[in-house]
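Dear colleague,

Please find the structure below, handed over for your consideration. My notes on its pocket, its nonpolar cores and its cysteines follow.

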Amino acid sequence: MTAPRIEERGEVLWLDNGLLRLGLAPQLGGRLLSLAVPGGPELLWRNDELLTDGLETRAGHHPHGGRLGDWLNYGGDKTWPAPQGWSGPGEWAGPPDPVLDSGRYQAITAVTGDAVTVTLTSGDDPRTGLRLSRKFVLERGKRGYTLELTARNTADRPVRWALWNVTQLAADGPGHAEVAGPPEVVGLLAGTGFPAWEPAGDRVRVPHQDVVGKLGFPAATGLLTHVGAGGTLTQAFAVADGAEYPDQGSRVEIWTECPLPTPLAELGDLDPPARIVEIEVLGPLTTLAPGEETGLTIDCTVEAEGA
């Protein structure tokens, strides 16, 4: 079995254990922008108009805020605070924002004989009071990785947030997302409508579709899967029974989008760049005193076509 290694190319960190390859961009909000079996197809969606194959920006990058229509959606996997909203200080008014979404994250790497670890840490965000950390662990002999998320209160006041991990995948062909758990589904946002869904045994299935909208899953039991042309990505995580979750109690959320004739004025002029599905894992809402932390761990496995 190949020993895991880290290779630095420009500002991009590449993790490889011979079975799986990850591309991390600390300078772009700590994003995971590439996930593939070596020589295999890309599992994540990323914006080729903004990024080269080497994950470098085509026209430079400047951290920024603004409306949804101003967002530079690079794609990939990123972590935000929830709930999202624009009505007050208890809601995260992004993306974009200049710290947690588009700011530069500090990278610390570690290599042993059996694993490589990269920890990406944001700056201190004055609006939310948070510092986010994303720790990736790639072990020898595993076609998967562990993502350990942390939110620390760096403010001088208590804050209340949930961790929210968002993974973007291409939805321009056959495929679907599946949420383990009973069919308890809530409509959260309808840009052009709520996505259609169907029961599938002990799971709920959301097919790829041309709809801009979001569903929440309050009864999710800790397993979230996407099946697409490049393979299958499964995310496993613990749920906190009895805890309060954001967005009508949603432990998981699924967002779908597709190109539109004109931007959606009611969503801050959001202009979807492609057919995309987001699979989103949330932690419970947690009140943090100054200096306190909350965490969420996601175990990710890949089944690739032909692997």
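The largest pocket holds about 430 Å³ of space. A pocket here is an open set of points on a 1 Å grid over the protein atoms alone where a 1.4 Å probe fits, with protein on both sides within 12 Å along at least five of seven lines; lining residues have an atom within 4 Å of a point. The volume is the space filled by probe spheres set on the points, which are joined across faces, edges and corners.

This is a predicted model: local features need pLDDT of at least 70, side-chain atom pairs count only at pLDDT 80 or more, and totals for chains, interfaces and linings use all residues. Residues are numbered from 1 along each chain as its sequence is written, and side-chain values use heavy atoms, with hydrogens and water left out.

Of the 21 residues lining the largest pocket, Gln 84, Trp 164, Leu 189, Lys 214 and Trp 255 lie nearest its centre.

The largest nonpolar core (buried Ala, Val, Leu, Ile, Met, Phe, Trp, Tyr and Cys residues joined through side-chain atoms within 4.5 Å; buried means under 20% relative accessible area, with a 1.4 Å probe and protein chains only) has 59 residues. Leu 22, Tyr 145, Phe 217 and Ile 254 touch the most other members. A second, separate core of eight residues includes Val 12, Trp 14, Ala 25 and Tyr 74.

Cys 258 counts as buried because its relative accessibility is 5%; Cys 300, at 3%, is also buried. The whole structure has zero disulfides (pairs of cysteine sulfur atoms within 2.5 Å).

Yours sincerely

Definitions and conventions
Buried means under 20% relative accessible area, exposed over 50%, partly exposed in between (1.4 Å probe, protein chains only).
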